[in-house]
Amino acid sequence: MLNAARFRPGPENREIVFLTGSGISARTGLGTFRAPEGLWALEPEVEEAMHGDRLPGSLPQLWRVWGRMARIAREHGPTPGHRAIARLGAPVISQNIDGLHQAAGSEIVAELHGTALRARCLDDRCPWRALLEPGDGATPEDHGVPSACPRCGAPTRPDVVLFDEQLPEAELVLAQRLAQRADLFVAVGTSGVVFPAAQLAPLAATHGATTVLIDIDPPPGASTLFDHVIAEDAHEVLPDWERTLHHVGGSSFLDPFG
Ligand SMILES: [Zn+2]
């Protein structure tokens, strides 16, 4: 049941920016990595393989895990939360690697942790990238990409950021720019109190934004970091925001979507 008194954006919010984590994708069956039923719990050896210093020996595991995740994401598609964010036309900073914001129609997405939908070269200096045709299996060919980089011959790898790897500089810069220009900064389905939310929300606030966390089970300390904490299901809250904003200044009677 939605709380009628809780925060809603209004016409004064012209630059809404979202920060999303795995919670927004949880309805797709992708799982929340660190939740009890998450990927790591199902396959404890997988977590071992998610460290950059295990490359290139861990490549078969990476292809199997991230290729499968890309396939599941493609099969399940975006959630109501992804779709509402896309229809609001708001830019997104995402910790997710499932490509579901783009699938929902979002045009500006800073992917802080890369994307499982794409392959790249193992050599960081090489610019080669290719989209996957994700399937099942432990080789790049199982996911529609070559095992040797067509430009330089090095092995290929999923374009996801592993635990001890740097976040992509260009995406980080984009995320900071978006946070600085936001007048409403909304974190959804992310723990909210650790990086990057813990850095980006205060950055947005410093530049004048109102900050909101939507999380059905908000972490302790969230209310010190955000102006508003909405402890409800984002898949109900965000479509409600979308209806609110699309009815502002007009009659719902005249609105073809009303
Ligand atoms: Zn290469």
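Here are three short exercises on strand E7 and its surroundings in a predicted model.

**Exercise 1.** Are the residues of strand E7 buried or exposed, and which way do they point?

*Solution.* Start by finding E7, which spans residues 184-188. Next, apply the cut-off: a residue is buried if 20 or more other C-beta atoms lie within 10 Å of its own. Five of the five residues in E7 turn out to be buried, and the strand is mostly covered. Now look at the directions: Leu184, Val186 and Val188 point one way, while Phe185 and Ala187 point the other way.

**Exercise 2.** Which strands are joined to E7 by five bridges, and how do they run?

*Solution.* Recall that strands of a sheet pair through backbone hydrogen bonds, either parallel or antiparallel. Take E1 (residues 16-20): five bridges join this strand to E7, and the two run parallel. As a sample, leucine 19 has alanine 187 of E7 as its bridge partner. Then turn to E8 (residues 210-214), which is also joined to E7 by five bridges and runs parallel with it. Here, phenylalanine 185 stands opposite threonine 211 of E8.

**Exercise 3.** In what order do the six strands of the open sheet lie, and which helix lies across E1, E2, E3 and E7?

*Solution.* Walk across the sheet and you meet E3-E2-E1-E7-E8-E9, with parallel pairing. At the edges are E3 (109-111) and E9 (228-230), each pairing on one side only. Neighbouring strands are turned by 15° against each other on average, direction ignored. Finally, find the helix: H6 (residues 169-181) lies across E1, E2 (92-94), E3 and E7, and runs at about 135° to E3.

How values were computed: Residues numbered from 1 in each chain as written. Predicted model: local features only at pLDDT ≥ 70, side-chain atom pairs only at ≥ 80, totals over all residues. Buried ≥ 20, exposed ≤ 12 C-beta atoms within 10 Å, placed from the backbone. Helix = DSSP H or I, 4+ residues; strand = E, 2+ residues; numbered from the N terminus. Pairing = 2+ DSSP bridges. Axes fitted to C-alpha atoms, helices over the stretch in contact; angles between N-to-C directions. Contact = placed C-beta atoms within 7 Å.
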